[in-house]
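Visitor: I am new to reading protein models and would like a close look at a single part, taken slowly. Could you guide me through the sheet and what lies around it?

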Amino acid sequence: MRIMGIDYGDARTGVAISDLLCSIVGSATVVPSRNRDKAIADIVRLAKENEVGQIVVGLPKNMDGTEGARAELCREFAKSLEEAAGLPVAMWDERRTTVEAHNILSQHNYHGQKRKNTVDAVAASLILEGYLAFRSR
């Protein structure tokens with residue numbers, strides 16, 4: 001069984017998939033998400049193709065730990081995804097993952113459009129890495 005990490009966004013959604021042992025991130029990609037139903041269908045297809053058994057969706061909390069409108073959108077997305085995929089969906093605190101993803105990409109000279117097309121996949125990988133580390137403890 002693999003675990004899938006999701007960084008849900010308005011324009012693009014990052015998707016990361018663990019290895020079979022659920023110990024590291026095996027792959028990451030981005031799906032367009034301007035059309036939420038299409039994004040969910042794409043994610044469900046990827047989950048089936050990769051034999052995913054669980055999904056983790058990043059929960060964008062405020063720095064003080066409270067939740068705002070964006071967190072509510074992610075919770076609604078996670079609920080719809082759980083229903084469509086028929087898989088358990090967990091929420092994972094994603095504070096600072098996008099900032100960290102931008103820092104990682106800067107260090108590797110990803111700029112402009114190249115960065116824009118990659119940052120969500122990196123953020124999804126960071127969400128999944130955090131969740132996998134938590135599970136292994």
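Guide: What follows is a walk through the sheet, then the packing around it, and finally some charged side chains and a loop. Please keep in mind throughout that this is a predicted model.

Let us begin with the sheet itself, which is open and is formed by 5 strands in the order S3-S2-S1-S4-S5, with mixed pairing. At its edges lie strand S3, residues 25-32, and strand S5, each of which pairs on one side only. If you look from one strand to its neighbour, you will find them turned against each other by 25 degrees on average, with direction ignored.

Follow next the strand S4, which covers residues 52-59. On one side, S4 pairs with S1 in the parallel sense, over 5 bridges. Two of the partners in this pairing can be found by name: Arg-2 has Val-52 in S4 as its bridge partner, and Met-4 has Ile-55 in S4. S4 is also joined to S5, again by 5 bridges and with the two strands running parallel, and here Val-57 stands opposite Met-91 in S5. As for its surroundings, S4 is mostly covered, since 8 of its 8 residues are buried. While you trace any strand, it helps to remember that in a regular strand the side chains alternate between the two faces of the sheet.

Now turn to what packs around these strands. Helix H5, residues 119-136, packs on the sheet and touches S1, S2, S3, S4 and S5, while its direction makes about 130 degrees with that of S1. The largest nonpolar core has 21 residues, and those with the most contacts inside it are Met-4, Ile-6, Val-15, Ile-43, Ile-55 and Leu-81. At least two residues of this core come from each of strand S1 (2-7), strand S2 (12-18), H1, S4 and helix H2 (69-85). There is also a second, separate core of 10 residues, which includes Ile-3, Cys-22, Ile-127 and Tyr-131. To see the surroundings of one core residue, take Val-15: leaving aside its neighbours within four places in sequence, Val-15 is in contact with residues that include Met-4, Ile-6, Val-31, Ile-43, Leu-46 and Ala-124.

From the nonpolar residues we can move to the charged ones. Side chains of opposite charge can pair when their charged atoms come close. The structure holds 5 salt bridges, and one of them joins Lys-38 to Asp-42, with the closest N and O atoms 2.8 Å apart. Both residues lie in helix H1, residues 36-49, where they are 4 residues apart, about one turn of the helix. The two partners differ in how they are covered, because Lys-38 is partly exposed at a relative accessible area of 47%, whereas Asp-42, at 10%, counts as buried.

Helix H1 also holds Arg-45 and Glu-49, which are likewise 4 residues apart, about one turn of the helix. These two form a salt bridge in which the closest N and O atoms are 3.1 Å apart, and Arg-45 is partly exposed, with a relative accessible area of 40%. A further salt bridge brings together the side chains of Arg-75 and Glu-67, at 2.7 Å from N to O. Here Arg-75 is partly exposed, with a relative accessible area of 33%, and Glu-67 is partly exposed as well, at 37%.

Glu-94 gives you a case without such a partner. This residue is found in the loop between strand S5 (89-93) and helix H3 (97-107). Glu-94 is buried yet has no salt bridge, and the nearest side chain of opposite charge, that of Arg-70, is 6.7 Å away. Leaving aside its neighbours within four places in sequence, Glu-94 is in contact with Asp-7, Gly-58, Leu-59, Pro-60 and Ile-127. Ile-127 is a residue we have already met, as it is included in the second core.

We can end the walk at Asn-35, in the loop between S3 and H1. Asn-35 is partly exposed, with a relative accessible area of 46%. Although Asn-35 and Ala-11 are 24 residues apart in sequence, their C-alpha atoms are 8.5 Å apart in space.

Notes:
Residues are numbered from 1 along each chain as its sequence is written. This is a predicted model: local features need pLDDT of at least 70, side-chain atom pairs count only at pLDDT 80 or more; totals for chains, interfaces and linings use all residues. Side-chain values use heavy atoms; hydrogens and water are left out. A salt bridge is a side-chain nitrogen of Lys or Arg within 4 Å of a carboxyl oxygen of Asp or Glu. Buried means under 20% relative accessible area, exposed over 50%, partly exposed in between (1.4 Å probe, protein chains only). A nonpolar core is a set of buried Ala, Val, Leu, Ile, Met, Phe, Trp, Tyr and Cys residues joined through side-chain atoms within 4.5 Å. Contact means heavy atoms within 4.5 Å. Lys and Arg count as positive and Asp and Glu as negative; His and the chain ends are not counted. Two strands pair if DSSP finds at least two bridges between them. Axes are lines fitted to C-alpha atoms, for helices over the stretch in contact, and angles run from 0 to 180 degrees between N-to-C directions.
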